[in-house]
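Visitor: I'd like to learn how to read a structure like this one. Could you walk me through a few features?
Guide: Sure, let's take a look together.

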Protein chains: 4
Amino acid sequence: MEIGFLGLGIMGKAMSINLLRHGFKVTVWNRTLSKCDELVEHGASIGETPAAVIKKCKYTIAMLSDPSAALSVIFDKDGVLEQISNGKGYIDMSTVDDDTSLKISEAIKAKGGDFLEAPVSGSKKPAEDGQLVILAAGDKALYDEVLPAFDVLGKKSFYLGEVGNGAKMKLVVNMIMGSMMNAFSEGLTLAERSGLNPATLLDVLDLGAISNAMFKMKGPTMLKNSYSPAFPLKHQQKDMRLALALGDENAVSMPVAAAANEVILFHNIFRCQKNQTNGQYFFSSNFQVNKDETVFFYLIFFLCLMTPP
Amino acid sequence: MEIGFLGLGIMGKAMSINLLRHGFKVTVWNRTLSKCDELVEHGASIGETPAAVIKKCKYTIAMLSDPSAALSVIFDKDGVLEQISNGKGYIDMSTVDDDTSLKISEAIKAKGGDFLEAPVSGSKKPAEDGQLVILAAGDKALYDEVLPAFDVLGKKSFYLGEVGNGAKMKLVVNMIMGSMMNAFSEGLTLAERSGLNPATLLDVLDLGAISNAMFKMKGPTMLKNSYSPAFPLKHQQKDMRLALALGDENAVSMPVAAAANEVILFHNIFRCQKNQTNGQYFFSSNFQVNKDETVFFYLIFFLCLMTPP
Amino acid sequence: MEIGFLGLGIMGKAMSINLLRHGFKVTVWNRTLSKCDELVEHGASIGETPAAVIKKCKYTIAMLSDPSAALSVIFDKDGVLEQISNGKGYIDMSTVDDDTSLKISEAIKAKGGDFLEAPVSGSKKPAEDGQLVILAAGDKALYDEVLPAFDVLGKKSFYLGEVGNGAKMKLVVNMIMGSMMNAFSEGLTLAERSGLNPATLLDVLDLGAISNAMFKMKGPTMLKNSYSPAFPLKHQQKDMRLALALGDENAVSMPVAAAANEVILFHNIFRCQKNQTNGQYFFSSNFQVNKDETVFFYLIFFLCLMTPP
Amino acid sequence: MEIGFLGLGIMGKAMSINLLRHGFKVTVWNRTLSKCDELVEHGASIGETPAAVIKKCKYTIAMLSDPSAALSVIFDKDGVLEQISNGKGYIDMSTVDDDTSLKISEAIKAKGGDFLEAPVSGSKKPAEDGQLVILAAGDKALYDEVLPAFDVLGKKSFYLGEVGNGAKMKLVVNMIMGSMMNAFSEGLTLAERSGLNPATLLDVLDLGAISNAMFKMKGPTMLKNSYSPAFPLKHQQKDMRLALALGDENAVSMPVAAAANEVILFHNIFRCQKNQTNGQYFFSSNFQVNKDETVFFYLIFFLCLMTPP
């Protein structure tokens, strides 16, 4: 099976290597073409432009950094639209919003192409191990055809119906996670300040029914105050906000998520202030968690400030 | 090692049998003495009164149904206080509030006895399997001495410092769980109402970093609307409220828990109303409301999980 | 001074009569032209189309029912754009959102015209009495020129800077009011359920520093449970939501407004359910629920106050 | 009419002078007896102890600084209980909590005396002008008998039923006010950060249906960032918390008040931080933060309004 692959960032590189390892023929393209060289060593061909990749391959996967990059490979000169046509399928696995997905879908379909949005859960490690979770939505026939590729890339893929549902599913999951991480932060803070050892709380939680990988992974680093502050927190706040907006549209009352959102927003404000004062406090490697996380890093931070160690 | 055991409810019975199986000599007492017979078959001796048990045994464990029962075995005629003295240890494993624990602790210590509060996580099954989680606080020396018994009763025991910390730790855990179950309910409702299949949401959650036993166990039944509404929800609301009060005392801002608490309170109100009007309201076919209501059925659930009945 | 006037609904009619009374020459247009006749009796001329009005008058005021009507008189055939030009000013006093205002502003300015958005606080009575509050934004020079008209129409007019600020100011005011009415409802419910007479609470409030016309007007009717539930509550919820979105954009944390928004949303849901099941639920004799529901009847109310019908 | 008066703080002094001016015979007592001298100039007699005052007068009013002072004049040596008896009435106008009121009530009644709790709204100025608002509860007959005194002290008095209702009514009012001041602060912040002039917002609010003395008085000073941070904020937070607890007891869901409470709590924490680190953080030039902080300065303010110092 021949597959085009647009975008060789951390995720795209791992995913395309995975496909090559499993016997797929892969034609890659990246904005900075030099990044393609390593893939060539693994057996990939190079396409000079997105259009060239589309022309050559029946199926093309895109894994781009953000909505503007996702739109750019479609609509710009030498972009996907110039070559997409009847019988060709385009699978966008980037994490983009609803609207971006719909815009791309409409453009592709207007040219006769088939389209799937297929955002993933999981970051670098799962991408390398083929352990992503794939949330696909759009043309069911295309989904069925590219299932062999999804089987290589992920441990599980879901077909969720119409375009937009992939993005929505991610919002719902992220919203639950955002509220949970806030609840977790509140609990750690409460433990600490009421005279309990928060490290013991982590142990107790880990033995109970709500034990989960996220608490396990982030709890200990939270207690160490060792975060890497690279991630733009605004992105996480945006996810919570979009989920709340989805609730507004569908008349769903979500007071817990709303409270969590305002907390994140508040810390965002402080973040700005922190930047001004060159403060070090937020950190971490896990992408998804990074977003969610800021909340509690800050809570932790002021906990530490507040409480005699 | 000889151990007294007061209270042979579901939990107490399982725990004392466990001790007998592992070679402890156990003298049991129960308000309804006939309940002791089964234990005798397993090799236990009987004490006619709490005082008699204390007199006979160096260490006595209590596992009673509620604060008033826990106070009664101490202060009533033929109670613990009549025989507790220097060199004797009393371990209360009932789930009681902070104040009750302190009252018992002070009375025991005034007589020269040693005291541990040691509430547990886990219900009947873990009690039978010796898989409880024990949250002990009080006299450290006593803790060290009865560790062999704790090792039999639980998969893990924690020493948490001064009396009251066991109750506090349970509150913190329950608060996190209460907020989480609210976040989960919001997510299920949002999924359903925005056109996603909530069963798929469960699958997606289960593959991610926040997968946990509670979501796994309760999610599917929530989607079937099969709840057993028997539990007095006020108890759960009280736990959230006590955690918030603990936050108030210690100047911890917990907006997510506060929002969750008000949701539970609101459904409480409606629940009452439903009872009055014999209404189908919350068990009607309207999915959303049922989902909202799940919040408290599942809060109920985890309370059951956590608290010996 | 000659002024064009587009839209003779309840508000527009009262406003144009007011202008005529104070000696302005007014040329009116209305979608249903027959409505212009009454104005002619007061001395107005008639314009056959929006374009005709613009052609004739240096300044034209519009007072239309909603964003789509506001856009329609601009962009449709025989619309404002066909005649607007250098030296002509267009003042839109309709209540529309930010985006609509900007769209109109850009179209007018592209043709060389000047533009003011100028939404008002106050409904029929203040419109008749020239007691509106005018929130103007856009071309400062135009504002200064039409001040004599504003002086007739309102008791006070504000120049708020760039286009969009009028709509924003209304959102902020409505948000504060929405939170206040929720706080008021909570207080009435708490009084009632904790054994106080809520009517006495109204008296006590009225003697204190937070006494205000809204509480005074709505309190007594709330206690009588006499609401007219005709208003589409979604509109109010939308205002709260837009204010929260404005907060999101500007990194302002507003937990109180967020909580209020979710309450309104929740009652919205129940309202729908009631409709489906034809239930008396919220209009039942149960005081508490009625009181809770008041939240939105009173949000409705203030929307009515604020928005020309 | 002869009246005893215990407590000559700012409030008590103004009140007893008022009574003297209106022809009442007043016997005063104060812990620091020298404070009685000024009252003697106005015609008062002195009682050497609370017991002496009670012995001399059929009716005695107390206006003390806090619950512990209120309890002390009752239960200490030479206290009220030593002389209170059948036919004597005791009116406690101090601001105390529910429990304190009940404790005093029970002690008085056990001795055969009559009791009223009668906390007031209004501070020094209204006390001097006889413009207090009196929230009385307890013995109705005693209320009717001392009405002439209440008429002199206040512009309005309410009889609220059983003891405890006076305290509850104050909690409800303070809760509404607390939420309102939070909503107001959010609105000011939102205005400022979204490019509006918050001073204009004040003007717009003042022309609308929610215009009130509190916004009018505090708005301008909030914009000037001139606060006097002297007040122990914990007291205000306690009022919100007690109101929420009252809601918990009575199954009233109050999400808006809960959100407001957590905001106050949060700023409390930061306030502590500032003190410890002598930081410019919250008093920095960053407008937003200052505005957020206003929340509690203004909560402070209304507490001052409400509570005799």
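Visitor: Let's start with A:K125: is this residue buried or exposed?
Guide: Keep in mind that this is a predicted model. A:K125 counts as exposed because its relative accessibility is 53%, and the cut-off for exposed is over 50%. A:D129 has 41% relative accessibility, so this one counts as partly exposed.

Visitor: Which kind of link do the side chains of A:K125 and A:D129 form?
Guide: Here's the general idea: side chains of opposite charge can pair when their charged atoms come close. In this case, A:K125 and A:D129 meet in a salt bridge, at 2.8 Å from N to O. Both residues sit in helix α6 (residues 124-129) of chain A, four residues apart, which is about one turn of the helix.

Visitor: How many salt bridges are there over all chains?
Guide: The count comes to 32. One of them joins D:K109 and D:D139, at 2.7 Å from N to O. D:K109 belongs to helix α5 (residues 98-110) of chain D, while D:D139 is in the loop between β8 and α7 (140-153) of chain D, so the pair ties together parts that are 30 residues apart in sequence. D:K109 itself is partly exposed, with a relative accessible area of 38%.

Visitor: What about two chains that touch? What is the area buried between chain D and chain C?
Guide: The size of an interface is often given as the accessible area lost when the parts come together. For chain D and chain C that area is about 4900 Å², and carbon and sulfur atoms give 79% of it. D:E186, D:L190 and D:V256 supply 14% of the area that chain D buries against chain C, more than any other three residues. The contact takes 58 residues from each of the two chains, D and C.

Visitor: How many salt bridges and polar contacts cross that interface?
Guide: The rule finds zero salt bridges across the interface of chain D and chain C, but 14 residue pairs in polar contact. Looking at elements, α8(D) gives the most to the side of chain D that touches chain C, with 19 residues. By class, that side has 37 nonpolar, 15 polar and six charged residues.

Visitor: How are chain D and chain C related?
Guide: Try laying chain D on chain C: a turn of 179° and a shift of 0.0 Å along the axis does it, with an RMSD of 0.1 Å. The two copies are therefore related as by a two-fold rotation axis. The same surface serves both copies, as 100% of the contact residues of chain D recur in chain C.

Key. Residues numbered from 1 in each chain as written. Chains lettered and ligands numbered in written order. Predicted model: local features only at pLDDT ≥ 70, side-chain atom pairs only at ≥ 80, totals over all residues. Heavy atoms only, no water. Contact = heavy atoms within 4.5 Å. Buried area = accessible area lost by both parts, 1.4 Å probe. Salt bridge = Lys/Arg side-chain N within 4 Å of Asp/Glu carboxyl O. Polar contact = N/O pair within 3.5 Å; in protein donor to acceptor, adjacent residues only side chain to side chain. Helix = DSSP H or I, 4+ residues; strand = E, 2+ residues; numbered from the N terminus. Nonpolar A, V, L, I, M, F, W, Y, C, P; charged D, E, K, R; others polar. Least-squares fit on C-alpha atoms with pLDDT ≥ 70 in both. Buried < 20%, exposed > 50% of the residue type's maximum accessible area, 1.4 Å probe, protein only.
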